[in-house]
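Subject: Structure handover

Hi,

Here is the structure I promised to pass on. Have a look, and then read on for what turned up.

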Amino acid sequence: MRWLVRFLIALILLVVVIGGVLGFVVNRWMYGPIPQHDGEITVDGLNGTVTILRDDWGVPHIYASSSHDLFFAQGYTQAQDRWWQMEFFRAIGRGELQELTGRNPSVMGQDVFIRTVGWLQSARHDLEEMDTQTQAYVQAFADGVNAYISNRPASELAFEYNILGVTGVTIPIEPWLPEDTLVWTKVMAWDLGGNWDAELFLSDLLGELDEEMVADYDPEWPFGLKPTIIQPEDLPGEGETFSDQVMNWNGITGLDAQIVSNIAPGANFVFGEGEGIGSNDWVVNGDKSATGMPLLADDPHLGIQMPSIWYEVGLHCQPVTVECPFNVVGLTFSPAPTVVLGHNDNIGWGVTNVGWDTQDLYMLEINPDDPLQYRWNGEWRDMSVREEEIRFGDSEETVTIQVRETHLGPIITDNDVDDDGNVSGFNNDEAMALHWTSYETGTIVSSLFALNQASNWDEFRDALRMWDAPSQNFVYADVEGNIGYQTPGRIPVRAAGHTGMLPVDGTTDENEWLGYLPFDYLPSVLNPDRNYIATANQALVPIEYYDQLAQELGDQFGEDANYVFGYRWAQGYRAERIVEMLQASDSHDFDTYQAIHGDNKLIFAEEIAPYVADVTFEDDTLTEARDWMLNWDYQMHMNSPQAALFAQFYVALADDLYNDQLGDVANANNRQMWATTLLMADPENVWWDDINTPETETRDDIIQRAFGEAYQATIDALGENREEWAWGTLHTATFASNPLGASGIDLLEGMVNRGPVATSGGSNIVNATGWSGANNGNFTVRAVPSMRMILDFSDLSKSVIMHTTGQSGHPFSDQYGQMVDPWRFIEYHPMLWTQDQVEAAAVSILTLNP
């Protein structure tokens with residue numbers, strides 16, 4: 001018995017020790033990466049002392065006496081809070097994701113594609129051409145990042161390294177290089193400024209349907225019915241309308257939308273994808289504000305993710321001098337120095353995405369006797385080849401691909417990846433080259449540094465002359481009371497007949513770009529008479545603008561050249577609603593701006609309601625349910641039962657209206673809302689007929705069918721009791737971290753993800769919590785207002801802000817998911833500005849000593 005007692009005691013002690021060791025290890029994995037925010041740290045590379053004060057939201061305000069130390073400390077700070085996000089973004093930009101995940105057939109295509117389009121090569125070219133001052137700033141940022149990550153084991157940098165290590169993935173901690181910041185700008189330019197896949201989709205669609213049906217499915221933007229950004233009265237002169245420039249399908253049709261098979265059509269990498277990607281920003285001057293000074297708001301709509309794509313920061317030279325001219329607060333991206341959105345002492349700015357056409361596809365003819373030659377103007381022209389070695393975090397094996405490059409750009413149809421991750425090599429039968437404005441020397445980083453220092457409208461515009469890609473709609477305000485709008489960016493002028501909407505013949509110079517629009521001819525307005533400016537990804541200009549460009553630039557490019565910026569704008573619903581709400585008051589303040597940010601009205605529902613109301617149902621239950629649904633304010637509030645039913649109705653309607661005739665080309669989505677409104681007025685349009693039945697259906701037949709399906713789908717999802725229905729039960733937001741948040745392991749996903757949470761809003765709504773109408777019955781949020789900001793130029797210290805998740809990228813930090821609930825309830829926190837404000841709100845003070 002004594003032996004047994006001793007054995008049991010020893011066994012218990014062993015279990016306790018093992019449990020203690022495991023607990024210690026797990027605790028270190030979870031909490032070890034959380035950085036020091038208080039006290040003093042000696043850091044090699046600084047020239048002077050830097051002070052970093054954080055408030056209870058985790059927002060750092062960095063005070064330094066030199067520009068070098070300021071951006072060094074910014075790099076150090078962002079690495080402290082967001083290193084894994086920086087590591088992951090770098091891997092995406094370099095096409096090295098499998099070095100983090102291990103060899104993965106589902107990821108191989110992405111790595112191959114990114115290597116093919118050559119973001120890293122383009123970034124290196126930009127760095128070589130960069131001015132010395134900007135190089136010094138970017139190098140200081142990189143040095144600060146490396147000062148934090150060097151001499152620290154991976155286990156103390158991010159929880160993700162520990163978990164991935166268990167799976168056999170070994171990830172060496174590589175130094176951060178200036179090119180890693182530059183490659184991030186290529187990711188941004190790609191995700192926010194590409195349309196190559198839209199060319200392939202349209203080509204495929206025109207191969208299946210006639211032009212009239214395609215025009216009904218994807219109609220011309222509603223000029224004159226929805227507000228453009230630049231209004232007709234803003235134009236410098238009168239011009240004639242020539243709508244053939246706005247919608248003209250010249251090009252190659254019948255191509256398979258999946259011809260570039262390594263990534264899905266429409267796929268983006270960081271900033272989100274689909275019809276939910278966009279933004280709102282607006283500004284009023286003192287004649288429309290309660291304070292008599294401008295009030296500016298911004299909320300960019302980007303893909304939902306964890307942590308937030310934004311990082312809030314204050315950069316303060318102390319004192320502000322010629323050598324150290326920065327005093328600015330706002331938001332940035334973790335891989336980048338400066339403030340991207342925010343304000344300084346004199347000016348503030350916000351952005352929405354322009355989405356103009358910066359990419360074209362060219363079909364090539366390859367020499368059958370030499371795969372490294374292509375036909376050009378009747379002769380065989382040599383192409384160059386670069387090799388790309390793809391490595392994996394879980395093996396020493398590598399895969400080498402060859403990328404063929406023409407003067408038009410790389411061939412993106414080569415190196416097809418099969419389901420097992422094997423790479424095929426050259427595709428000479430369907431060789432297609434990609435031409436992209438970002439293959440030109442980029443200067444966006446120089447633009448950001450200049451923008452942070454700008455003190456007036458002219459300096460603001462001069463800074464934006466260097467902003468090449470991605471183009472953004474900048475709204476502006478300053479402490480003198482001015483408001484303005486400027487579009488920067490590199491937009492190609494195309495040859496006559498080349499719209500950029502379809503792939504074109506690449507064997508001659510007939511379809512080559514003629515050049516780029518000069519900056520001074522890009523849309524711009526200062527202090528418009530209407531006293532406000534509103535942008536929401538709608539068409540930038542009235543179509544008369546293009547006629548004026550042709551008149552002004554005809555001697556340079558030819559009057560028949562194509563000057564159109566692009567074709568695939570947001571449908572105009574958000575812009576219409578923002579303008580309506582701005583016009584409703586001449587005394588805007590925080591409350592009215594908060595109401596606009598949180599507005600959930602779906603104008604599309606209001607547009608089609610009269611047609612739905614006129615339909616006769618044979619089933620009294622459906623008649624009553626229809627009448628109940630339409631007794632509604634069209635607000636997609638999270639607690640609205642009618643909103644839940646209407647969302648189900650639209651999904652069923654789009655499916656019944658479009659998908660039978662689209663076949664395998666696509667599924668209708670929320671982008672078809674305006675098309676559906678137009679078709680409501682054409683009850684016998686061929687789209688209303690279901691080709692799978694012998695009868696010829698009309699509008700009312702399809703509305704009857706769709707509503708019946710929607711009513712049953714809502715009951716199936718939410719139960720019989722309509723009083724318990726709620727849009728937010730269907731429409732939830734989950735903020736997922738990569739890659740662990742998509743691992744399929746519930747325990748891990750619960751650690752690194754936040755949500756699901758009920759959410760108001762939806763697609764084509766100011767509160768743009770976008771969902772995909774193509775995913776029948778799935779209303780999960782895919783894109784979100786990634787932050788909301790209000791700048792008050794009567795007193796900048798009264799400005800407010802909130803992004804989506806939290807400042808920290810460490811899953812076990814209190815500031816990891818701190819902002820989720822305030823964000824979804826349209827709340828804000830103070831955007832601290834003065835040093836007195838910052839010091840009064842500080843909960844931690846970190847001093848970096850040289």
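Helices here are DSSP runs of H or I with at least four residues, strands are runs of E with at least two, and both are numbered from the N terminus. This is a predicted model, so to speak of local features we need pLDDT of at least 70, side-chain atom pairs count only at pLDDT 80 or more, and totals for chains, interfaces and linings use all residues. Residues are numbered from 1 along each chain as its sequence is written, and side-chain values use heavy atoms, with hydrogens and water left out.

Start with helix 4. Gly118 follows this helix, and its phi is positive, near 75 degrees. Helix 4 covers residues 105-117, and at 1.5 Å a residue (times one less than the number of residues) its 13 residues should span 18 Å; the end C-alpha atoms are 19 Å apart, which agrees. Of those 13 residues, 10 are buried (under 20% relative accessible area, with a 1.4 Å probe and protein chains only). Among them are Val107, Phe113 and Arg115.

Now the cavities, meaning sets of points on a 1 Å grid over the protein atoms alone where a 1.4 Å probe fits but cannot get out. There are 10 of 30 Å³ or more, and the largest holds about 140 Å³, a volume being the space filled by probe spheres set on the points. Its lining (residues with an atom within 4 Å of a point) has 17 residues, with Leu192, Trp310, Phe333, Val351 and Gln472 nearest the centre. Strand 5 gives the most, 3 residues.

Cheers

Terms used
Buried means under 20% relative accessible area, exposed over 50%, partly exposed in between (1.4 Å probe, protein chains only). On a 1 Å grid over the protein atoms alone, a cavity is a set of points where a 1.4 Å probe fits but cannot get out, and a pocket is an open set with protein on both sides within 12 Å along at least five of seven lines; lining residues have an atom within 4 Å of a point.
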